[in-house]
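Thank you for giving me a few minutes today. I would like to walk you through one protein model, going from its overall form down to a few single residues.

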Amino acid sequence: MLFEKTEVQLVSNAIMNMLHEEEMEIVNNFHDAVIAKDIDMISELFEVLLFDVEDHFSTEEDMMEESGFYAAQIHKAEHDSMRKKVKELYENWGKNKDPEVVKAFLEGEFKHWMVLHVARWDAETAMHLGDTM
Ligand SMILES: [Fe+2]
Ligand SMILES: [Fe+2]
């Protein structure tokens with residue numbers, strides 16, 4: 001398990017909390033496969049993760065755009081940098097199939113990024129959105 005339920009804070013928008021909860025579950029399953037070094041399962045769940053990350057980020061971006069959030073571009077730029085890293089990791093996985101590389105990314109950069117990103121950008125965006133969307 002990579003994320004305990006309470007590690008990613010709740011924000012003041014129900015849709016965003018749902019997106020985060022879903023993502024933590026998918027990432028935890030993915031991390032389990034990485035720990036087990038189950039190559040086929042990692043390949044399969046990597047695709048699920050890519051799809052989910054895109055769904056998470058683009059849903060937030062759509063909500064920010066609709067509501068005219070003042071820092072939408074900065075928040076989106078943060079998503080873009082993580083999109084790029086996840087894509088690079090996926091390309092690396094395709095070539096090397098090395099679970100250790102994926103494990104290091106998940107437990108280091110990805111986990112820290114997610115906790116801080118939600119605390120900084122998602123929390124503020126959610127405050128702006130409220131629970132109306
Ligand atoms: Fe988020
Ligand atoms: Fe976000």
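Let me begin with the radius of gyration, which for a compact globule of 133 residues would be near 14 Å, and since the protein chain in this predicted model has 15 Å, the value agrees with that expectation. If you follow the C-alpha trace along its principal axes, the protein chain spans about 40 × 25 × 20 Å. Of the 133 residues, 23% count as buried.

What is the chain built from, in terms of helices and strands? The protein chain has four helices and zero strands, and when you read along the sequence the pattern is α-α-α-α. It is also worth asking how far apart in sequence the contacting residues are, and here, among contacts between residues at least 6 apart in sequence, 73% join residues at least 24 apart.

Now I turn to how particular helices pack against each other. Two packed helices are described by the angle between their axes and by the distance between those axes. For helix α3, which covers residues 72-96, and helix α4, which covers residues 99-129, the angle is about 165 degrees and the axes are 11 Å apart. Because an angle over 145 degrees counts as roughly antiparallel, α3 is roughly antiparallel to α4. The crossing in which α3 passes α4 is left-handed.

Which residues of α3 and α4 meet? On the α3 side they are His75, Glu78, Met82, Leu89, Asn92, Trp93 and Asn96, and on the α4 side they are Val101, Val102, Phe105, Trp113, His117, Trp121 and Thr125. Sorted by class, this contact of α3 with α4 has eight nonpolar residues, five polar residues and one charged residue.

Helix α4 also packs with helix α1, which covers residues 14-35, at an angle of about 170 degrees, and here the axes are 11 Å apart. By the reasoning I used a moment ago, α1 and α4 are therefore roughly antiparallel to each other. The contact is made by Met16, His20, His31 and Val34 of α1, together with Pro99, Val102, Lys103, Leu106, Val118, Asp122 and Ala126 of α4. By class, the contact of α1 with α4 has seven nonpolar, two polar and two charged residues.

Let me stay with α4 for one single residue, phenylalanine 110, which lies in this helix. Is phenylalanine 110 buried or exposed? Phenylalanine 110 has 21 C-beta neighbours inside 10 Å, and because the cut-off is 20 or more, this residue counts as buried. Phenylalanine 110 is 24 residues from valine 86 in sequence, while in space the two are 8.8 Å apart, C-alpha to C-alpha.

Finally, I would like to show you two lysines in loops. Lysine 37 sits in the loop between α1 and α2, where α2 covers residues 39-67, and its phi is near 55 degrees, a positive value in a residue other than glycine. Because lysine 37 has 14 C-beta neighbours inside 10 Å, it counts as partly exposed. Lysine 97 is found in the loop between α3 and α4, and the phi of lysine 97 is near 45 degrees, which is again a positive value in a residue other than glycine. With 13 C-beta neighbours inside 10 Å, lysine 97 counts as partly exposed.

How values were computed. Residues are numbered from 1 along each chain as its sequence is written. Chains are lettered from A and ligands numbered from 1 in the order in which they are written. This is a predicted model: local features need pLDDT of at least 70, side-chain atom pairs count only at pLDDT 80 or more; totals for chains, interfaces and linings use all residues. Axes are lines fitted to C-alpha atoms, for helices over the stretch in contact, and angles run from 0 to 180 degrees between N-to-C directions. Angles under 35 degrees count as roughly parallel, over 145 as roughly antiparallel, 65 to 115 as roughly perpendicular and the rest as oblique. A crossing is left-handed if the near helix is turned anticlockwise from the far one by less than a right angle, and right-handed if clockwise. Two residues are in contact if their C-beta atoms, placed from the backbone, lie within 7 Å. Ala, Val, Leu, Ile, Met, Phe, Trp, Tyr, Cys and Pro count as nonpolar, Asp, Glu, Lys and Arg as charged, and the others, Gly among them, as polar. The radius of gyration is taken over C-alpha atoms; the globule rule is 2.2 Å times the number of residues to the power 0.38. A residue is buried if 20 or more other C-beta atoms lie within 10 Å of its own, exposed if 12 or fewer, and partly exposed in between; C-beta atoms are placed from the backbone.
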